[in-house]
Amino acid sequence: AKLMFKLAAKSSESPSHALRTKKLYVLGAMLVEQYNTHTMTDRSALDSLVHTNSVSIEDSRLIDNAWRGAEAYHFLLLAQRQLYEGFTDAALRTSHALVDYEDVIPNETIYAIIALTATIARSFGTCSNAFIKLENVESMEARVEYEALAVEIFTRYPPRDSRTQKIECTNCEGSITDYGNTCGICDTKYPRCIVTGAPLTSVHFWQCDTCKHRAQETDIVSFSTCPLCHTLIA
C-alpha cells in the first residue's frame, strides 16, 4: 500500500495523469482495506498489534486516511467531466470540494480549475479568490501570466458572484452554499455525493460496501459499479 501511495504521489506531479493517479490511490486504499480485514479477523495479529504497539504514527495515519487520495482525484476528474459536458454550475460546486485536498492535489491545479469554472459560470467573486491563490504560485513566470490574466478579466467584469444557491441545514435553521458542505452556524459537515459532488443533506442515501462513500439514491441507480472505487454494486 505504501508503494502504491508513493507511485500515486509521483504520478500526481503530471496534471495529465489524473486518472492513473486516482487508480493508484484506489489500489493503495484497497490494499489497506485488505490489511484491516486480515488484522481484525486474525486474533493473534490483533493481539500482537495491541501489546507491541507495532503500528507507527505514519502507518496509523495512512490507515485512517486510506481513501483520501482517491477521493481527491475522484472529485478532480468529476469536476473536469462536468465542465466538459457543459454542467458549469455542477463543475464549480465539485471543484470547490478540492480545497479540502490541498495536501494531495497541487494547489495550482485546484485553483486553476476553480478559476476556469468560475469564469465560465460568471461567478467572478469566486474567480477573484482563486486568482489570489494562483498569484502566489512558486513559478515567477506562471505568476506573471496569472496576474496579467486577472487584470484582463477584472477590468471587464467586477469581482462579484452573479448568483449563490443555498441549501438548508438539516441540523439547525442555518443554510450552506451550494458549493460548500459545512453549516456556518452549527458546523455540521455533510459528506459529498460521489456522483454529483453536491453535499448530502438527506438521511436516505446509498453507501458503497467497500469504500463507504455515499451518493444520493436517485443518482446512483444508473451505475453498476461504485463511481469512486469501481466495486460492483450488489
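At what angle do α5 and α7 pack, and how far apart are their axes? In this predicted model, the two helices pack at an angle of about 25°, and their axes lie 11 Å apart. Because angles under 35 degrees count as roughly parallel, α5 is roughly parallel to α7, and the crossing of the two helices is left-handed. On the α5 side the contact is made by Leu-76, Ala-79, Gln-80 and Leu-83, while α7 contributes Thr-109, Ile-113, Leu-116, Thr-117 and Ile-120.

**The nonpolar core**

Both helices of this pair also appear among the elements that give two or more residues to the largest nonpolar core. That core holds 54 residues, and the members that touch the most other members are Trp-67, Tyr-73, Ile-105, Phe-131, Cys-226, Leu-228 and Cys-229. The elements giving two or more residues to this core are α1 (2-11), α2 (18-41), α5, α6, α7, α8 (124-134) and α9 (140-154), and α5 gives the most, with eight residues. As a general background, nonpolar side chains tend to be buried together in soluble globular proteins.

Cys-226, one of the core members named above, can be followed further through its contacts. When its neighbours within four places in sequence are left aside, Cys-226 is in contact with Ile-194, Trp-206, Cys-208, Cys-211, Thr-231 and Ile-233.

**Salt bridges**

How many salt bridges does the count come to? The count comes to three, and they are listed here with their N to O distances.

| Salt bridge | N to O distance |
|---|---|
| Lys-10 and Glu-13 | 3.6 Å |
| Arg-68 and Asp-103 | 2.9 Å |
| Asp-100 and Lys-189 | 4.0 Å |

In the bridge between Lys-10 and Glu-13, Lys-10 counts as exposed because its relative accessibility is 55%, and Glu-13 is likewise exposed, with a relative accessible area of 58%.

The bridge between Arg-68 and Asp-103 links distant parts of the chain, since Arg-68 belongs to helix α5 (residues 68-84) and Asp-103 to the loop between α6 (88-97) and α7 (107-120), 35 residues apart. Here Arg-68 counts as partly exposed at 26% relative accessibility, whereas Asp-103, at 57%, counts as exposed.

For the salt bridge of Asp-100 with Lys-189, Asp-100 lies in the loop between α6 and α7 and Lys-189 in the loop between β2 (175-177) and β3 (206-207), so the pair ties together parts that are 89 residues apart in sequence. Asp-100 is partly exposed at 34% relative accessibility, while Lys-189 is exposed, with a relative accessible area of 54%.

**Two further pairs of positions**

Gln-165 is located in the loop between α9 and β1 (166-168), and with a relative accessible area of 44% it is partly exposed. From Gln-165 to Ser-175 there are 10 residues in sequence, and their C-alpha atoms are 9.9 Å apart in space.

Asp-89, for its part, has its place in helix α6 and is partly exposed, with a relative accessible area of 32%. Asp-89 and Arg-122 are 33 residues apart along the chain, and a separation of 9.7 Å is found between their C-alpha atoms.

Terms used. Residues are numbered from 1 along each chain as its sequence is written. This is a predicted model: local features need pLDDT of at least 70, side-chain atom pairs count only at pLDDT 80 or more; totals for chains, interfaces and linings use all residues. Side-chain values use heavy atoms; hydrogens and water are left out. A salt bridge is a side-chain nitrogen of Lys or Arg within 4 Å of a carboxyl oxygen of Asp or Glu. Buried means under 20% relative accessible area, exposed over 50%, partly exposed in between (1.4 Å probe, protein chains only). Helices (H or I, at least four residues) and strands (E, at least two) are DSSP runs, numbered from the N terminus. A nonpolar core is a set of buried Ala, Val, Leu, Ile, Met, Phe, Trp, Tyr and Cys residues joined through side-chain atoms within 4.5 Å. Contact means heavy atoms within 4.5 Å. Axes are lines fitted to C-alpha atoms, for helices over the stretch in contact, and angles run from 0 to 180 degrees between N-to-C directions. Angles under 35 degrees count as roughly parallel, over 145 as roughly antiparallel, 65 to 115 as roughly perpendicular and the rest as oblique. A crossing is left-handed if the near helix is turned anticlockwise from the far one by less than a right angle, and right-handed if clockwise.
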